[in-house]
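Grab a pencil and keep the viewer open. Each exercise below sets a small task and then walks through a solution.

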Amino acid sequence: MNRRRMMAVARAEWIHIRRDPRSLVVILILPVFMLLLYGYGINYDLDRIPFAVWNLDGTQVSRDLIDEFRQNRYFDLRESVLEQRRIEELLDERKVVFVLVVPPDLGGTVGAGRPAEVQFVLDGSDTTRASVALGYIEGVLNDFSGQLQAQWANRQGTQVAAPFTVYPTILYNPDLRSRPFIVPGLIAVLLTLLAGLLTSTCIVREREWGSFETLIASPAAAGEIVLGKLIPYIVIAFANVVLSIVVGWVVFGVVPLGSMALLLTASMVYMAASLGIGLFFSAVSRSQQMAILFAVLLTFLPTILLSGFVFPLRSMPTIIAAIAQIIPATHFLVIIRSLYLKGAGLEILWPQLLVLAGFAVVIVVVAAGRFRKRL
Amino acid sequence: MALAVEVSNLVKRFGDFTAVDGISFSVSKGEVFGFLGPNGAGKSTTIRMLCGLLLPTSGEARIAEHDIYRETELIRRSIGYMPQFFSLYPDLTVRENIEFYAGMYEVPRARARERVEELSGRLGLEGLLDRMTRTLSTGWRQRAALATALVHQPPLAFLDEPTSGVDPVTRRQFWEFIDDLAREGTTVFVTTHVMDEAEHCTRLVIMHDGAIIAEGTPEEMRTRYVQNMVEVQAAPLWEALEALQASPLVREAALFGDALHVQLREEVVDPAEAVRQALGEAGVAVEAAECIPPTMEDVFVALARGGEEAVREASP
Ligand SMILES: Nc1ncnc2c1ncn2[C@@H]1O[C@H](COP(=O)(O)OP(=O)(O)OP(=O)(O)O)[C@@H](O)[C@H]1O
Ligand SMILES: [Mg+2]
């Protein structure tokens, strides 16, 4: 590995980036723009979930239950339904997310100390919304049944009879706000896209220019060329990582709970792996379009779909979840989310970090190996 | 004298198509070796194999005493290569391009700066060092490419059509530069279409359809392959050309500027007189007809038209 040659490649690439207005836009504007766009656009928070009630009971208990929802800041009672047909109408027209159906004689059942059931008709067409809403509903119901049990026990003159209600305690993001969850994921996806765009054209471009022929006629080794090309992008990637973290903080108020040094380190290792993947596609492609297509189809899409950014890994079929393990973003998402939400440290995140570092090394070696010094 | 290039039975096939068909030749150190031939002859393909950019289908070659299969990296260190087509970085300046290749060939930085000054002085690039190569015209691009190929003072330089797209004045300067290089000890391996340029070569081969059809010094080429050349001025020229092409004594007749160059068969003893006679019989007025030494162009026309057949016939 010759330093002089590697730095000559790095310098030429750096000059190219500096003089290409397109790449400057990609580097400086795209990440901020995307973070703002999606940070505001994707919001799973359900404030004031609209709902309706069909009360078939009419006792105090049912009114208390409904009040419990009305007073909760996450819910917004829109209508009291008088007939079943109206329920479907409301859900169809998406006027409400769910309808609470109170069965006849709820008061009697509860008064007798027997287990009672209430029904929730939920719009499941938007699964994310539905599951978030369901989570809130469970919370309210748990509270309410706790109160009822206490009252009932009081009336019987005993202590609380059945205190084993499940109270899910939500750690790390107690308000279930989605931003602290989304912003780190968004940063990860964004960095992936950026890395692909940056390096996927940088070798194949030379083929199109014709400079490839003199480049490979020179004594430079494939490794020197590939690493030399990587150096300027590593620097740019660092700037982008910092920029993304700053935007997440200033605009969305999302700050990592964990170590900033670890966040930067992990991000840079991840960027090295992603840039390496771009370089690999650049080394094997015959045209810039092909390289960009590869980068988008084979890195960006899997990152969005499989890494756990949109769909939780837990809910994936086993095979898909296994495939997800070979995507660097999957591991990086674990790291970045843990750092933002839990403040986890190296003692917990080292396996993921190690996997990412392994990815980075392997992909650069493979890219250099695929870089043929022949026409 | 030691050999800079030694090629034997080199073959390159692209699928079914044979671009280079078993050629053998050698180049001594210090030569300006010309590689001539029409489009598609296989010149660039040969050079690319010799520079280690294309893997030959079969055959052997040694460059600067290194084997082209096993010692490609050693070869790359000892050569400079200027490809046929524009291959500089378009968004780097001339200086940055030269310095980039100085880096690739491990020329120390201070020395690299000296070389930039030296080469730009000799090639007349001084005013253009800070221009983006994208904005240069063909002739200047060629000069810049020549400078980058030579920045590390390689003992052996492969120049693939350095003068293509270059005006006649610049072309002469290029050849003076190449002559200087050779005098300073660089072996130059150069391709061209322009036959007159072959005069600058110490030795040359002519390729056609992947095979070498002629080889020798420019002088040998002229005497061996083309004899009995007559330059004819007549009016109307066109009729004269037709009449001569129809004559059994004439091997070749071609337009050459505002005259005709006519090559007569070897058995003709007084070629000028034979031409006068033929044109007289055809009723064309002859203004002048005199024997001339053939130019490289004549050699090329004779060889290219007749192909291998002409060579076999004309060879002693
Ligand atoms: N990569 C390739 N694949 C297929 N055919 C090729 C390839 N490279 C060259 N050829 C063919 O090989 C033949 C020789 O090409 P080459 O470029 O060596 O000719 P040349 O003598 O340099 O011609 P020119 O004077 O036009 O530069 C041509 O017919 C060309 O089409
Ligand atoms: Mg050629």
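**Exercise 1. Sort the residues in the shell around ligand 1 by class.**

Step 1: the shell holds five nonpolar, seven polar and two charged residues. For this sorting, Ala, Val, Leu, Ile, Met, Phe, Trp, Tyr, Cys and Pro are nonpolar, Asp, Glu, Lys and Arg are charged, and the others, Gly among them, are polar.

Before going on, some housekeeping: this is a predicted model, where local features need pLDDT of at least 70, side-chain atom pairs count only at pLDDT 80 or more, and totals for chains, interfaces and linings use all residues. Residues are numbered from 1 along each chain as its sequence is written, chains are lettered from A and ligands numbered from 1 in the order in which they are written, and side-chain values use heavy atoms, with hydrogens and water left out.

Step 2: now pick out the nearest neighbours. Of the 14 residues around ligand 1, those that come nearest are B:Asn39, B:Lys43, B:Ser44, B:Thr45 and B:His193. A residue counts as near if one of its heavy atoms lies within 4 Å.

Step 3: ask which element gives the most to this shell. That is H1(B), with three residues.

**Exercise 2. Find polar partners for the oxygen atoms of ligand 1.**

Step 1: start with the backbone. A polar backbone atom of B:Gly42 sits 2.9 Å from an oxygen atom of the ligand.

Step 2: move on to side chains. An N or O atom in the side chain of B:His193 is 2.6 Å from an oxygen atom of ligand 1, and for the side chain of B:Glu161 the figure is 3.2 Å. A polar contact here is a pair of N or O atoms within 3.5 Å; within protein, one must be able to donate a hydrogen and the other to accept it, and residues adjacent in sequence count only if both atoms are side-chain atoms.

Step 3: see how much gets covered. Ligand 1 taken alone exposes 640 Å², and the protein buries 65% of that. These areas come from the Shrake-Rupley method with a 1.4 Å probe; for residues, only the protein chains shown count as cover.

**Exercise 3. Which protein atoms are donors of the magnesium ion (ligand 2)?**

Step 1: look for N, O and S atoms within 2.8 Å of the metal (3.2 Å for Na, K and Ca); water is not among the atoms, so the site may look incomplete.

Step 2: you should land on B:Ser44 (OG) and B:Gln84 (OE1), which lie 1.9 to 2.1 Å from the ion.

Step 3: place them in the chain. B:Ser44 is in helix H1 (residues 43–50) of chain B, and B:Gln84 is in the loop between strand S6 (79–82) and helix H3 (94–104), so the pair ties together parts that are 40 residues apart in sequence. Helices (H or I, at least four residues) and strands (E, at least two) are DSSP runs, numbered from the N terminus.

Step 4: is B:Ser44 buried or exposed? With a relative accessible area of 17%, B:Ser44 is buried. The cut-offs are under 20% for buried and over 50% for exposed, with partly exposed in between (1.4 Å probe, protein chains only).

**Exercise 4. Trace the polar contacts of A:Asn2 and B:Glu31.**

Step 1: A:Asn2 lies in the segment before helix H1 (3–19) of chain A and is buried at 15% relative accessible area.

Step 2: its side chain reaches the backbone nitrogen of A:Arg5 at 2.8 Å. The side chain of A:Asn2 also contacts the side chain of B:Glu106 (2.8 Å).

Step 3: B:Glu31, in the loop between S2 and strand S3 (32–36) of chain B, is buried at 9% relative accessibility. Its side chain makes polar contacts with the side chains of B:Thr202 at 3.3 Å and B:Arg203 at 2.9 Å.

**Exercise 5. Describe how the rings of A:Phe212 and A:Phe371 meet.**

Step 1: rings of Phe, Tyr and Trp (its six-membered ring) pair if their centres lie within 6.5 Å; planes under 30 degrees apart are stacked, over 60 edge-to-face and the rest tilted. The count is 23 aromatic pairs over all chains.

Step 2: this pair is edge-to-face, at 5.7 Å centre to centre with 65° between the planes.

Step 3: A:Phe212 lies in helix H9 (residues 211–217) and A:Phe371 in the segment after helix H15 (346–370) of chain A, so the pair ties together parts 159 residues apart in sequence. A:Phe212 is buried at 3%, and A:Phe371 is buried at 4%.
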